[in-house]
Amino acid sequence: MRTSFLKYVWVFVAVLGLLPACEDLEDTYSDYTGDGPVQYLTKIYDLQGEPKWLSVLLTWELKLDPGRTAILVEWTDDSTTYSQVIDKDARDFMITGLKNYEYACSVKAIEQKDGEVIGKSIGDPVYVRPFTYASEELTLFSQVVRKAYQVAGKKLFVLFEPWADNLISFQVGYFEKGNATEKFWTVEKVNNLPDGKVYAMIGENVDFTKPINVYRKGRIASIDNMELELQPVPLYFETPMFDAAFAAEVRSRLDLIGEIKQSDINDVEVLDIDYDQLSLVDVLHFPNLKELHLGRNRLLAAGTENVVKSVLTNQEESVAALEVIAGELGVKIYHYGNHYFNTVPDFFTAKNQVAELPEFSLLNTVGWDITVNPMDAMGYNSGLANLLQESDAYWSPQASEILRKHIIEIDMKESKRILGFKVGQAMTPPADVQTPDVLDIEFETGSGAWESAAFSRSVTVGTGKGETTIIYLDKSHSVKTAQKIRVTVADKFHKKGYNASYAYVDFYTVVLSSFMVIEGN
C-alpha cells in the first residue's frame with residue numbers, strides 16, 4: 001500500500017514539473033510566429049516548372065485538405081517577389097510577362113479568413129528560366145547570311161548558310177540612296193538554299209550608311225513548335241572578316257600582325273594568293289584591287305603541274321565573287337598552273353600560266369659552316385651539307401619516335417647583305433617522308449640574340465616535289481645584313497613501325513633539299 005502511494009506521488013510531482021516547461025516552449029514559439037503558431041496545411045506535391053515563351057507553366061499535385069481555401073503562387077527575380085492567389089483546386093498556373101532570368105517559383109496552399117492568410121503549407125521552390133530572345137535555342141538559330149560585302153559602294157554581296165528546316169522565311173532589308181523607304185529582298189527555298197544559290201547580289205545603289213538587317217521567321221521546336229518573328233540580324237561592314245587561310249596569306253603579303261583592318265587593305269592594288277583556301281570570296285574586301293594573281297609564287301618542278309595543286313574548297317561562291325570583282329571593279333585575274341579550279345573561268349584575264357622564277361643572285365656558300373641540333377647519330381649521315389647546294393641531293397634526319405624540331409645554324413663567316421632565301425624541296429624524297437610546309441628563319445643580332453629574319457618568324461613554303469619557294473624579308477624587298485642564320489624545321493609523321501623494344505609506334509622525320517641565300521644589292 002505504501003509503495004503504491006509513493007508511486008502516485010512521484011508521477012504527480014513529475015507532471016507538475018513539466019507544466020512550466022510547456023508554457024515556456026509555447027511562449028517561445030509564439031515569439032517567432034507573430035500572433036501565434038502558424039497553422040501549416042498539407043503541402044503542394046510534385047511542383048514542376050516548364051519554360052515557355054516569356055512565361056513559365058507551373059503544375060502540381062494536390063492532397064485532400066479541408067482547411068485549404070486558396071493557392072498562393074509566388075515568383076522571384078533578382079529584385080522583386082511577385083504573387084497571385086488562385087482557386088484552391090487549381091493544379092496549374094501560367095506566369096507571364098517574364099524576362100531572361102532564372103526565377104524561383106513556389107506554390108503554397110493557404111487558408112484565408114477575412115482576407116488575411118492564417119495558414120499556409122510549406123514546400124521547396126523550383127527554379128526556371130523562361131524562353132526569351134536571349135535563350136540558346138534562339139541565339140543559335142540560323143542567321144541565314146554568313147558573310148556580307150560592299151561592292152563598289154553600291155551593291156550588297158551576301159553568302160548564305162544552308163536553309164535550315166526550322167526557318168520559315170527570311171528577307172534582307174536595306175535602303176537605296178535617296179529613298180527613305182526600306183526595301184526588302186526575299187526569295188523562296190530551292191534545294192535547301194535561297195533561290196538554290198549560296199550567294200546573291202542585292203540592290204543597285206545601296207545606302208550603306210543606313211541599317212541593313214536580316215529578318216527571319218522560325219519554328220522553335222523546344223517552344224511547342226512556336227512560329228516566331230526573330231530579332232533582326234544587323235549586317236556590319238566596318239571590320240572585314242576573313243577566313244583563316246585567306247587572312248594568313250594577306251598578313252604574310254602585307255606584313256601585318258593580328259586583326260586585319262579595312263585601312264590596312266584599302267590601298268592594295270595587287271594581291272597574290274598561293275596556297276590552299278576555303279574560299280576566295282574575301283577578295284571583295286579590297287575596294288581598290290587592280291590585279292589578282294592565283295598561284296604565281298608556286299614555282300613547280302617541270303612535270304608536276306597536274307599533281308601539285310592548291311586546293312579551293314568552296315568553288316561556287318569563289319567564282320561568283322571573282323566574277324563580281326572582274327565585272328564591277330575591273331580587276332584583272334591571272335591564274336597559274338592548275339591551282340584551285342576544276343574548270344578555270346573564261347572571264348579570267350589569263351589562265352594556266354607557268355609561274356616564273358624572278359631574277360636574283362645567290363651567295364656563294366663555299367667555306368660556310370652548317371650544324372644541326374639534334375646531331376646525327378653515330379654512323380648516320382643526314383646529308384646536312386646538301387642544304388647549301390642546289391642538286392637532287394637532300395637532307396633528311398634519321399626517323400625517330402620523338403617529334404623533334406631541328407635547329408639548323410649557318411655561319412657565313414662574315415656579314416652579308418641578304419635579300420631573302422630560296423628554299424627547294426626534294427624532287428625524289430625517301431619513301432613516305434614528308435616535306436616541311438613551314439620554316440622558322442632567324443638572324444643572329446650583334447648581341448648574340450636571335451631575331452626574325454623575315455617580317456614573320458614562321459614562313460609558309462610550298463610542299464610539292466621539287467618545288468621552289470622564294471622568301472623575301474618583307475613586302476618592300478628590303479635588304480638586311482647578317483652573318484649567322486638559324487632555320488628551324490619540325491618533323492612530320494613518317495610511318496608506323498616497331499621500335500627496338502618491339503613496340504608498334506609512330507616514327508617521325510622530314511626532308512628538305514636546299515636552303516640558299518639570295519644576295520642583296
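**Exercise 1. Determine how strand S24 and strand S32 pair, and over how many bridges.**

Solution. In this predicted model, strand S24 (residues 405-424) pairs with S32 in the antiparallel sense, and the pairing extends over six bridges. A single bridge may then be located: Phe421 has Val517 in S32 as its bridge partner. The next step is to consider how well S32 is covered. Strand S32 spans residues 514-519, and five of its six residues are buried, so the strand is mostly covered, given that buried means under 20% relative accessible area.

**Exercise 2. Identify the residues that line the largest cavity, and classify them.**

Solution. First, a search of the whole structure yields one cavity of 30 Å³ or more. Next, the space in the largest cavity is about 30 Å³. The lining consists of Ile370, Leu387, Ile408, Ile410, Val487, Leu512 and Phe515. Finally, the classification gives seven nonpolar residues, no polar residues and no charged residues.

**Exercise 3. Establish the strand order of the open sheet that contains S9, S10 and S15, and state which strands are its edges.**

Solution. The three strands follow the order S9-S10-S15, with antiparallel pairing. Strand S9 (145-151) and strand S15 (199-202) each pair on one side only, and these are the edge strands. On average, neighbouring strands of this sheet are turned by 20° against each other, direction ignored. Strand S10 (residues 155-160) pairs with S15 over four antiparallel bridges; the bridge partner of Val158 in S15 is Ala200.

**Exercise 4. State which strands helix H5 lies across, and give its angle to S10.**

Solution. Helix H5 comprises residues 315-328 and lies across S9, S10 and S15. Relative to S10, helix H5 runs at about 170°.

Definitions and conventions: Residues numbered from 1 in each chain as written. Predicted model: local features only at pLDDT ≥ 70, side-chain atom pairs only at ≥ 80, totals over all residues. Heavy atoms only, no water. 1 Å grid on protein atoms, 1.4 Å probe; cavity = no way out; pocket = protein on both sides within 12 Å on 5 of 7 lines; lining within 4 Å. Points joined across faces, edges and corners; volume = space filled by probe spheres on them. Nonpolar A, V, L, I, M, F, W, Y, C, P; charged D, E, K, R; others polar. Buried < 20%, exposed > 50% of the residue type's maximum accessible area, 1.4 Å probe, protein only. Helix = DSSP H or I, 4+ residues; strand = E, 2+ residues; numbered from the N terminus. Pairing = 2+ DSSP bridges. Axes fitted to C-alpha atoms, helices over the stretch in contact; angles between N-to-C directions. Contact = heavy atoms within 4.5 Å.
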